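Thanks for coming. I have one structure to go through today, and I will keep to a few residues and one helix pair. Here it is on the screen.

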Amino acid sequence: MKAGGLNAHISGVERPYVMLESGAVNALTRAELEYVLGHELGHVRCEHLLHLFLIQVLPFAARMIPVVGGWLSLGLDAALGEWRRKAELSCDRMGLLVCQD
């Protein structure tokens, strides 16, 4: 992704941090930034960080297993993807609570 995009994410399990790209800071209104920060900090409040990390790592690690790795990776992607969609919905609600709009 090129620098300056409209993106934000949270990372870190023990010491979480939010990263906002400069394009998001420059383009979004105050209420929109409040929503984005509320959403990202919702992941901390709901204790999603370790699970989000595992969602990135487990399917990749599964692909390294000879013969069945590809199938295992697909199964993990499906199961973990469902959890991730639900986690994102929870954090969307947190964002709405923060910006009140």
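I'll start with Cys91, which counts as buried because its relative accessibility is 0%, and the cut-off for buried is under 20%. Please keep in mind that this is a predicted model.

What is the disulfide status of Cys91? The structure holds zero disulfides, and Cys91 is accordingly in none. The nearest cysteine sulfur belongs to Cys46, at 4.9 Å. A disulfide would need the two sulfur atoms within 2.5 Å.

Cys99 is the next cysteine to look at. The closest cysteine sulfur to that of Cys99 is in Cys91, 14 Å away, so the pair is too far apart for a bond. Cys99 also counts as buried, because its relative accessibility is 13%.

Now the helix pair. Both Cys91 and Cys99 are on the α4 side of a contact between α2 and α4. Helix α2 covers residues 30-45, and helix α4 covers residues 69-99. How do the two axes sit relative to each other? They come within 7 Å and cross at roughly 135°. At that angle α2 is oblique to α4, because anything over 145 degrees would be needed to call the pair roughly antiparallel. The crossing is right-handed.

Which residues make the contact? From α2 we have Ala31, Glu34, Tyr35, Gly38, His39, Gly42, His43 and Arg45. From α4 there are Ala87, Glu88, Cys91, Asp92, Met94, Gly95, Leu96, Val98 and Cys99. By class, the residues of this contact divide into eight nonpolar, five polar and four charged.

Next, the loop after that helix. His48 is found in the loop between α2 and α3, the latter being residues 49-62. Is His48 buried or exposed? His48 is buried, since its relative accessible area is 8%. If we leave aside neighbours within four places in sequence, His48 is in contact with His43, Trp83, Ala87 and Cys91. Among these, His43, Ala87 and Cys91 also take part in the contact of α2 with α4.

Last, Ser90, which is found in helix α4. Ser90 is partly exposed, with a relative accessible area of 28%. Ser90 and His43 are 47 residues apart in sequence, and their C-alpha atoms are 8.5 Å apart in space.

To recap on the cysteine we began with: Cys91 is buried, is in no disulfide, and is in contact with His48. That is what I had; questions are welcome.

Definitions and conventions:
Residues numbered from 1 in each chain as written. Predicted model: local features only at pLDDT ≥ 70, side-chain atom pairs only at ≥ 80, totals over all residues. Heavy atoms only, no water. Helix = DSSP H or I, 4+ residues; strand = E, 2+ residues; numbered from the N terminus. Buried < 20%, exposed > 50% of the residue type's maximum accessible area, 1.4 Å probe, protein only. Axes fitted to C-alpha atoms, helices over the stretch in contact; angles between N-to-C directions. Parallel < 35°, antiparallel > 145°, perpendicular 65-115°, else oblique. Left-handed = near helix turned anticlockwise from the far one by under 90°. Contact = heavy atoms within 4.5 Å. Nonpolar A, V, L, I, M, F, W, Y, C, P; charged D, E, K, R; others polar.
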